[in-house]
Amino acid sequence: MQQQNSPASAWIAPLLSEALRRIEGRRPLALHGLQAGGKAWLLAELAGRIPAPLVVLCDSLRRAEELLEDLIFCAGPRPVHLFPHWDTVPYDAFSPNKEVMAQRLQTLSALLRGAAPLVVTTPQA
């Protein structure tokens with residue numbers, strides 16, 4: 001079945017091409033103006049076209065979790081991982097949350113195995 005050229009493909013192809021050039025050149029890529037679903041779709045497309053993991057930095061844990069949900073839908077069979085920040089500060093009298101520790105270790109393990117094509121995180125992580 002042949003793909004039909006839609007009006008949207010006229011601007012999507014150059015956008016993907018430029019994004020891939022920036023990623024392959026190891027230059028940061030900032031996505032502004034895209035709504036959550038569009039951003040997730042673009043990131044999932046990019047992750048499927050590059051050999052290395054794509055790490056997405058969100059400004060807050062809430063936004064990272066929202067993007068994670070959208071990415072799970074858009075990425076299809078590709079796994080998507082969240083690398084959350086610690087919920088404690090150094091030298092606290094209590095240990096970090098076990099779920100946060102488990103999620104961080106699970107993501108790091110997947111990265112080491114090459115099984116994490118998409119990782120969503122925050123600057124605090």
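**Exercise 1. Find the volume of the largest pocket, then describe its lining.**

Let's start with the volume: the largest pocket comes to about 840 Å³. Keep in mind that this is a predicted model.

Next, look at the lining. It has 28 residues, and those nearest the pocket's centre are Leu 29, Leu 31, Leu 43, Val 56 and Leu 57.

Now sort the lining residues by character. You get 18 nonpolar, two polar and eight charged.

Finally, ask which elements supply the lining. At least two residues each come from helix 1 (9-24), helix 2 (36-49), strand 1 (54-57) and helix 3 (61-74).

**Exercise 2. Work out how the protein chain is put together, from its elements to its surface.**

Step one is to count: the protein chain has four helices and three strands.

Step two is to put them in order. Starting at the N terminus, you can read off α-α-β-α-β-α-β.

Step three is the overall extent. The C-alpha trace covers about 60 × 30 × 30 Å along its principal axes.

Step four is about contacts. Take those between residues at least 6 apart in sequence: 65% of them join residues at least 24 apart.

Step five deals with inside and outside. Of the 125 residues, 30% are buried. The chain exposes about 8,700 Å², with carbon and sulfur atoms supplying 57% of that.

**Exercise 3. Decide whether Ala 30 is buried or exposed, and say where it sits.**

First, place the residue: Ala 30 is in the loop that runs between helix 1 and helix 2.

Then check its relative accessible area, which is 54%. The cut-off for exposed is over 50%, so Ala 30 counts as exposed.

For a last step, compare sequence with space. Ala 30 and Val 56 are 26 residues apart along the chain, and their C-alpha atoms are 9.7 Å apart. You've met Val 56 already, as one of the residues nearest the centre of the largest pocket.

**Exercise 4. Do the same for Thr 122, and list what it touches.**

Begin with the location: Thr 122 belongs to the segment after strand 3 (118-121).

Its relative accessible area is 3%. Buried means under 20%, so Thr 122 is buried.

Now for its neighbours. Leaving out residues up to four places away in sequence, Thr 122 touches Leu 57, Cys 58, Ser 60, Leu 61, Ala 64, Phe 83 and His 85.

One more contact is worth adding here: the side chains of Thr 122 and Gln 124 make a polar contact at 3.2 Å.

Note on methods:
Residues are numbered from 1 along each chain as its sequence is written. This is a predicted model: local features need pLDDT of at least 70, side-chain atom pairs count only at pLDDT 80 or more; totals for chains, interfaces and linings use all residues. Side-chain values use heavy atoms; hydrogens and water are left out. On a 1 Å grid over the protein atoms alone, a cavity is a set of points where a 1.4 Å probe fits but cannot get out, and a pocket is an open set with protein on both sides within 12 Å along at least five of seven lines; lining residues have an atom within 4 Å of a point. Grid points are joined across faces, edges and corners, and a volume is the space filled by probe spheres set on the points. Ala, Val, Leu, Ile, Met, Phe, Trp, Tyr, Cys and Pro count as nonpolar, Asp, Glu, Lys and Arg as charged, and the others, Gly among them, as polar. Buried means under 20% relative accessible area, exposed over 50%, partly exposed in between (1.4 Å probe, protein chains only). Contact means heavy atoms within 4.5 Å. Accessible areas come from the Shrake-Rupley method with a 1.4 Å probe; for residues, only the protein chains shown count as cover. A polar contact is a pair of N or O atoms within 3.5 Å; within protein, one must be able to donate a hydrogen and the other to accept it, and residues adjacent in sequence count only if both atoms are side-chain atoms.
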